[in-house]
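Please walk me through this structure, beginning with its overall form and ending with what lies inside.

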Amino acid sequence: KPDLVLVYGDTNSTLAGALAAVKLHIKVAHVEAGLRSLDKRMPEEVNRVLTDHVSDYLFAPTETAVKNLYNEGIKDRVYLTGDVMYDALLYNIKIARKHSKILDKLGLKPRKYLLATVHRAENTDNRKNLENIIEAFIDSNE
């Protein structure tokens, strides 16, 4: 039996892990706690809120995230930790610039390509939103 379950982010598996741990009386720590879109139509928003409210330790990446938790009545158990994804990017970007050959492998020139993750349902399931995103890329490439 673990002493603690660490869950990260806002995915369905984040919420599932938190719920499983709580039901087994295992403490939960949530990394990326307190982030909010304030749009409960987003599945990720529901996952964020519920995970935060069952967690024993809340690791918030920003002051705004801490304030969101405070506004929801969570005034203790909250730790301002910074954004681990951003920190990982800063650490690894230097390594990638020195050692990565991916641009050559893909036939791309530095600063001559665009990359995006477009995975939220409100973007991919709404034709007009997806068209707007694609048009923004076309416009930025001209």
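**Overall form and interior**

In this predicted model, the chain has a radius of gyration of 19 Å, whereas a compact globule of 142 residues would have one near 14 Å. Taken along the principal axes, the box that the C-alpha atoms of the chain fill is roughly 55 × 40 × 30 Å.

Turning to secondary structure, the chain contains 7 helices and 4 strands, and their order, read along the sequence, is β-α-β-α-β-α-β-α-α-α-α. The pattern thus opens with a strand and ends with a run of helices.

How much of the chain is buried, and how much area does the chain expose? Buried residues account for 23% of the 142 residues, where buried refers to a relative accessible area under 20%. The chain exposes about 10400 Å², and 57% of this area is supplied by carbon and sulfur atoms. As for contacts within the chain, among those with a separation of 6 or more, 43% are between residues that lie 24 or more positions apart.

The interior can be examined for enclosed space as well, and a search of the whole structure finds 1 cavity of 30 Å³ or more, with a volume of about 30 Å³. Its lining draws on separate parts of the sequence, with Tyr8, Val31, Glu32, Phe59 and Pro61 joined by Thr81, Gly82, Asp83 and Val84. By residue class, this lining divides into 5 nonpolar, 2 polar and 2 charged residues.

Terms used:
Residues numbered from 1 in each chain as written. Predicted model: local features only at pLDDT ≥ 70, side-chain atom pairs only at ≥ 80, totals over all residues. Heavy atoms only, no water. 1 Å grid on protein atoms, 1.4 Å probe; cavity = no way out; pocket = protein on both sides within 12 Å on 5 of 7 lines; lining within 4 Å. Points joined across faces, edges and corners; volume = space filled by probe spheres on them. Nonpolar A, V, L, I, M, F, W, Y, C, P; charged D, E, K, R; others polar. Helix = DSSP H or I, 4+ residues; strand = E, 2+ residues; numbered from the N terminus. Rg over C-alpha atoms; globule rule 2.2 N^0.38 Å. Buried < 20%, exposed > 50% of the residue type's maximum accessible area, 1.4 Å probe, protein only. Contact = heavy atoms within 4.5 Å. Areas by Shrake-Rupley, 256 points an atom, 1.4 Å probe, with all protein chains shown as cover.
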